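Let's take a walk through this protein together, one side chain at a time. Keep the sequence handy so you can find each residue as it comes up.

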Amino acid sequence: QVPLVESGGGPVQAGGSLRLSCVASAHMYSIYQMGWLRQALGTECEGVAAVLTGVGITNYADSVKGRFTISHDNANKYLYLHMNSLKPEDTAMYYCAAKSRATGALRWAIANDYDTWGQGTQVTVSS
């Protein structure tokens, strides 16, 4: 059983919306934080949004604040990213990832701090 599996990506026109989903396996019982990170072609992976699963505190990249919403279930099995008002610059491979431990409150968007990753789902926004 793979640890994380994303779905929901695809092509969308600018201004449109998408809902990304991620499901975690039952073996992932120790999750401190879950997040969505994205990597555009030729760029480094950047944090988009994350949630501290135990308390529900969320963080967002400045570029997506007010447009994207991260959510999860209390059992930490499902993670979602509701994306509205999509822009061409949102085009990227979106990854669901999880941290098993705290690495610092200011490090929520640091890709290397995440322990487990999904395979990614592509989001392509056209003008």
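Tyr80 has a relative accessibility of 19%, so it counts as buried, since the cut-off is under 20%. Keep in mind that the model you're looking at is predicted. Now find Tyr78, which comes out at 32% and therefore counts as partly exposed. How do the rings of Tyr78 and Tyr80 sit relative to each other? They form a stacked aromatic pair, with 6.3 Å from centre to centre and 10° between the planes. The angle is what earns the name, because planes under 30 degrees apart count as stacked.

Next, try Tyr114 and Trp117. Their ring centres are 6.1 Å apart and their planes meet at 65°, so this pair is edge-to-face. Here too the angle decides, because planes over 60 degrees apart count as edge-to-face. Tyr114 is buried, with a relative accessible area of 5%, while Trp117 is partly exposed at 30%. Bring in Tyr95 as well: ring pairs link Tyr95, Tyr114 and Trp117 into a cluster. In total, the model has three aromatic pairs. Tyr114 has another partner of a different kind, as Lys99 lies over the face of its ring, 5.3 Å from the ring centre.

Now go to Cys96, in strand E9, which covers residues 92-99. Is Cys96 buried or exposed? It is buried, with a relative accessible area of 0%. You can tie this back to where we started: Cys96 and Tyr80 are 16 residues apart in sequence, and their C-alpha atoms are 9.0 Å apart in space. Leaving out neighbours within four places in sequence, the residues in contact with Cys96 include Leu4, Glu6, Met34, Trp36 and Leu79. Trp117, from the ring cluster, is also among them, and so is Cys22.

That last contact deserves a closer look. Which residue does Cys96 join in a disulfide? The partner is Cys22, with the two sulfurs 2.1 Å apart. A disulfide is a covalent bond between the sulfur atoms of two cysteines. The angle about the S-S bond is -75°, and the link between Cys22 and Cys96 is left-handed. This pair connects distant parts of the chain, with Cys22 in strand E3 (residues 18-24) and Cys96 in strand E9, 74 residues apart. Like its partner, Cys22 is buried, with a relative accessible area of 1%. The structure holds one disulfide. What about Cys45? Cys45 is in no disulfide, and the nearest cysteine sulfur, that of Cys96, is 12 Å away. That rules out a bond, because the two sulfurs would have to be within 2.5 Å. Cys45 counts as partly exposed, at 24% relative accessibility.

Charged side chains come next, and Arg38 is a good place to begin. You'll find Arg38 in strand E4, where a relative accessibility of 5% makes it count as buried. Its side chain meets that of Asp90 in a salt bridge, with 2.9 Å from N to O. Why does this pair tie together separate parts of the chain? Arg38 lies in strand E4 (residues 33-39) while Asp90 lies in the loop between strand E8 (78-83) and E9, so the bridge ties together parts that are 52 residues apart in sequence. Asp90 is buried too, just as Arg38 is. Not counting residues up to four places away in sequence, Arg38 also touches a long list of others, including Cys45, Glu46, Val48, Phe68 and Tyr94.

How many salt bridges does the model hold? The count is five. One of them links Asp62 with Lys65, where the closest N and O atoms are 3.1 Å apart. Asp62 is exposed, with a relative accessible area of 64%. Another forms between Arg107 and Asp113, at 2.6 Å between the closest N and O atoms. Arg107 is partly exposed, with a relative accessible area of 36%, whereas Asp113 is buried at 11%. Finally, return to Arg38 and Asp90: salt bridges that share partners join Arg38, Glu46, Arg67 and Asp90 into one network.

Methods. Residues numbered from 1 in each chain as written. Predicted model: local features only at pLDDT ≥ 70, side-chain atom pairs only at ≥ 80, totals over all residues. Heavy atoms only, no water. Phe/Tyr/Trp six-rings, centres within 6.5 Å; stacked < 30°, edge-to-face > 60°. Buried < 20%, exposed > 50% of the residue type's maximum accessible area, 1.4 Å probe, protein only. Lys NZ or Arg CZ within 6 Å of the ring centre and 35° of its normal. Helix = DSSP H or I, 4+ residues; strand = E, 2+ residues; numbered from the N terminus. Contact = heavy atoms within 4.5 Å. Salt bridge = Lys/Arg side-chain N within 4 Å of Asp/Glu carboxyl O.
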